[in-house]
Amino acid sequence: MNWLNQSVSSTDYTCKYYIRSLNGGALTVTGTADGLGWQFVISASDSATFDKGIWKYQSIATKSGDDVTLFRGTFEVEPSLVYTGSSPGPFDDRTTAQVDL
């Protein structure tokens, strides 16, 4: 609902997710209409650029200057455990602060 208590749907609004990392990374994902809502896709190439750590997101629907925040939240990106070859080597999951101690 917007500030006038009117329904917010893909019929009248566009919707974007703004995703930001505490480390400086950022991504904007624009939704495509899906019924009255939206569908969002993050490509493999985009998600591969996500650094490990805490990320924040905000979903904003917009229509002619009427911006409505639909969702806000936090998620954590964990490091990949994928390796190549037969000898993966050591894995250190400590933060920079933990290593510095």
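**Questions about cut-offs**

Biologist: Why does tyrosine 17 count as buried?
Modeller: Its relative accessibility is 18%. Buried means under 20% relative accessible area, exposed means over 50%, and partly exposed is in between (1.4 Å probe, protein chains only). Tyrosine 17 is at 18%, so it is buried.

Biologist: Before we go on, what sort of model is this?
Modeller: It's a predicted one: local features need pLDDT of at least 70 and side-chain atom pairs pLDDT 80 or more, while totals for chains, interfaces and linings use all residues. Residues are numbered from 1 along each chain as its sequence is written, and side-chain values use heavy atoms, with hydrogens and water left out.

Biologist: How many aromatic pairs are there, and what makes two rings a pair?
Modeller: There are six. Rings of Phe, Tyr and Trp (its six-membered ring) pair if their centres lie within 6.5 Å; planes under 30 degrees apart are stacked, over 60 edge-to-face, and the rest tilted. One of the pairs is tyrosine 17 with tyrosine 57, at 5.9 Å centre to centre and 45° between the planes. That 5.9 Å is within the limit, and 45° falls in neither outer class, so the pair is tilted.

Biologist: Why say that this pair ties parts of the chain together?
Modeller: Because tyrosine 17 lies in strand β1 (residues 14-21) and tyrosine 57 in strand β5 (residues 53-63), 40 residues apart in sequence. Strands here are DSSP runs of E with at least two residues, helices are runs of H or I with at least four, and both are numbered from the N terminus. Tyrosine 57 has a relative accessible area of 27%, so it counts as partly exposed.

Biologist: What makes tryptophan 55 and phenylalanine 75 a stacked pair?
Modeller: Their centres are 6.3 Å apart with 15° between the planes, so both values meet the rule for stacking. Tryptophan 55 is in β5 and phenylalanine 75 in β6 (residues 66-77), so this pair ties together parts 20 residues apart. At 1% relative accessibility tryptophan 55 is buried, while phenylalanine 75, at 26%, is partly exposed. These two and Tyr17, Phe40, Phe50 and Tyr57 form one aromatic cluster.

Biologist: How do you know that β1 pairs with β5?
Modeller: Two strands pair if DSSP finds at least two bridges between them. Eight bridges join β1 to β5, so they pair, running antiparallel. Tyrosine 18, for example, stands opposite glutamine 58 in β5. On β1's pairing with β2, also antiparallel, there are five bridges, and lysine 16 has threonine 30 in β2 as its bridge partner.

Biologist: Why are β2 and β6 called edge strands?
Modeller: The open sheet has four strands in the order β2-β1-β5-β6. Both β2 (26-30) and β6 pair on one side only.

Biologist: What is the pattern of side chains along β1?
Modeller: They alternate: Cys15, Tyr17, Ile19 and Ser21 point to one face and are buried, whereas Thr14, Lys16, Tyr18 and Arg20 point to the other and are not.

Biologist: Why is the contact of lysine 52 with aspartate 93 called a salt bridge?
Modeller: A salt bridge needs a side-chain nitrogen of Lys or Arg within 4 Å of a carboxyl oxygen of Asp or Glu. Here the N to O distance is 3.4 Å, so it qualifies. The two residues are 41 apart, with lysine 52 in the loop between α1 (44-47) and β5, and aspartate 93 in the loop between β6 and α2 (96-100). Lysine 52, at 36%, is partly exposed, and aspartate 93 is too, at 43%.
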